[in-house]
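Biologist: Could you take me through the ligand site in this model, up close? I'd like to know which residues come nearest the ligand and what the open space around there is lined with.

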Amino acid sequence: MKAPKVVGGVKLPDGKGQTIRLARGASLADFADKINTEASQLVQALFNLGEMVTATASVSDETLQLLGEEMNFKVEVVSPEDEDRELLESFDLQFGEDEGDEDDLERRPAVVSVMGHVDHGKTRLLDTIRHSNVGSGEAGGITQGIGAYQVEVEVEDKPRKITFLDTPGHEAFTAMRARGAKSTDIAVLVVAADDGVMPQTVEAINHAKAADIPIVVAVNKIDKEGASPEKIRGQLTEYGLVPEEYGGDTQFVDISAKQNINIDALLEAIVLTADLQLELFANPEMDAQGVAIEAHLDRGRGPVATILVQRGTLRVGDSIVVGDAHGRVRRMLDEYGNDVEEALPSRPVQVQGLDSVPGAGDSLLVVEDDRVARQIANQRNARKRNALQAKRKKRISLEDLDAVLKETQQLNLILKGDNAGSVEALEDSLLNIEVDDEVELNIIDRGVGAVTETNVTLAAASDAIIIGFNVRAEGKATELAHQEGVDIRYYTVIYDAINEVESALKGMLKPIYEEKEIGTAEIRQLFKASAVGLIAGCMVETGKVRRNATARLTRDGNVIAEKATIDSLRRGKDDATEVAAGYECGMVLSYPDIAVGDQIQVYEMVEVPRT
Ligand code: GDP
């Protein structure tokens, strides 16, 4: 075991091989606390190791470990998931497991997400299913957009239910998954029969595969001229989706979302896929657990969250914790706007009674009482703040510091959206934009609801652009933005937002220039002219030479002048702007020391587009 070093006069404590646990995103102050030393010692030590970090800033896993090693501590960095598991365990809780044994399990409906390329009919399909569902016995159909709904379909003479998540597209799906939420059992892939497999179709397939969930293919728009459902089947086979009729295990259903054709067959295919490929069971007799799929702040009702119950039964009056929000279920509404007293597994309900707006993908747990709910929420909240800090602060080493100060350009953004899911999806997509290291995207604030004066003030203070997704400015926010010169951009389509931000980021990059050779020439003779000095009589060998262009001179393979310019150019007695290969010309070069036999390489600097 190596002895703790004394680095630059700092005597570090000796861990003697002891293991300590630190939360991901911990600071040096946290570290110091754990090992009973002064934070300033660790700051100094790390500085000597080449990193400059303040005591309260979050540091990376590697840095914690590296520093630990120097002192003979074994540092175990605890992930947020581990930490949360431990937090729940300390209250004797566990998320994600059904209590009891097999006898306690009952079949639950499949939960479905609709994905596919833009304009292939995802939204229309969700609408059609919503409106054509008569099994429910509700007059007027589904009226409330709560982010999910349940429909009924008869399969083999039995009524079966399916839950649809109402946010089409794989971004929302993946954003939730990124938070560890497994909300979707089956993906319905919508492909327009008159268009075929497109980039987002492939993306959707990849996302579903990554989540390891089966796909049911809805071949849409078969009412359109030029629709070729067979072509779609062929194309998708290349992505491993082989139709049942060809011996594969993927159900393909030809539909028209617009004309309401074959929708029941699609629903049936979903149920059959669930029965054949999945085992969807849950224990309804336990404290409810679930996931928030949508949440927003309602002016009149306060925070409302749509919860998908995953196991157990959620009841009015239950004490709940959802992410870092907590409260008691005051009221539950279904997609028809009806009050419900309890919600069984796979049922989405809109819940009122939380103290704040949770995030999409946050888990819900029913707990013993309000006190436990509050304690869990508070601890998560504290952790979230630390983690956010860690995400924002980029570690800067001493070597980089100069470069960073000089080079880095920042694009600061504030995101506002109509619900937590869309804000998160947008944030995730934006953070995934890949550009050069020279520019950095910072999301300095995010939230649900209209663009407010507070948002504008923050934007003005930090040179940020505000992005409004499906929301507008309220009150005097627009006026204030004009005064302060704050740019507010509104979008209704995520892709548009991403594209524009991406171009903005690319626009911030300094242009890259590349040398492009335009011709070569050789000096064959020298003439002395008293007025202009030495004239090089040249033969243009390749390409062309151009007046005012830059030239590199080489003699016997050695560069003698890197950036000479061609100050004047003549063909015979006439001034020329260009002389092509195969012709003789006379040049006056800015570099005087020329000789017969010198090679002239003429080049220009062209801007190359960034990829
Ligand atoms: P999304 O971007 O995938 O959500 O696509 P939309 O649901 O917004 O549909 C895009 C366009 O295709 C809309 O104009 C729809 O009316 C149209 N559309 C959707 N399904 C069908 C269909 O089955 N047949 C026809 N002819 N048009 C459809």
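Modeller: Here is the ligand shell, followed by the second largest pocket and the largest cavity. Bear in mind that this is a predicted model, where local features need pLDDT of at least 70, side-chain atom pairs count only at pLDDT 80 or more, and totals for chains, interfaces and linings use all residues. Residues are numbered from 1 along each chain as its sequence is written, and side-chain values use heavy atoms, with hydrogens and water left out.

On to the ligand. There are 15 residues around the ligand, and Asp119, Lys122, Thr123, Arg124 and Asp223 come nearest; being near takes a heavy atom within 4 Å. By class, that shell has 7 charged, 6 polar and 2 nonpolar residues. (Ala, Val, Leu, Ile, Met, Phe, Trp, Tyr, Cys and Pro count as nonpolar, Asp, Glu, Lys and Arg as charged, and the others, Gly among them, as polar.) Helix α5 (residues 122-132) gives the largest share of the shell, 3 residues; helices here are DSSP runs of H or I, at least four residues, numbered from the N terminus.

The backbone joins in too. A backbone N or O atom of arginine 124 sits 2.8 Å from an oxygen atom of the ligand. For lysine 258, a backbone N or O atom is 3.2 Å from a ligand oxygen, and for histidine 120 that distance is 3.3 Å. Taken alone, the ligand exposes 580 Å², and the protein buries 77% of that (Shrake-Rupley areas, 1.4 Å probe).

Now the open space. The second largest pocket holds about 800 Å³, counted as the space filled by probe spheres set on grid points joined across faces, edges and corners. A pocket is an open set of points on a 1 Å grid over the protein atoms alone, with protein on both sides within 12 Å along at least five of seven lines; a cavity is a set where a 1.4 Å probe fits but cannot get out, and lining residues have an atom within 4 Å of a point. Of the 35 residues lining this pocket, Thr123, Thr167, Pro168, Gly169 and Phe469 are closest to its centre. Helix α5 turns up again, with the largest share of the pocket lining, 6 residues. The lining divides into 16 polar, 10 nonpolar and 9 charged residues.

Thr167 also lies among the residues nearest the centre of the largest cavity, along with Leu165, Ala172, Phe173 and Met176. That cavity has a volume of about 120 Å³, and its lining has no charged residues.

Definitions and conventions:
A polar contact is a pair of N or O atoms within 3.5 Å; within protein, one must be able to donate a hydrogen and the other to accept it, and residues adjacent in sequence count only if both atoms are side-chain atoms. Helices (H or I, at least four residues) and strands (E, at least two) are DSSP runs, numbered from the N terminus.
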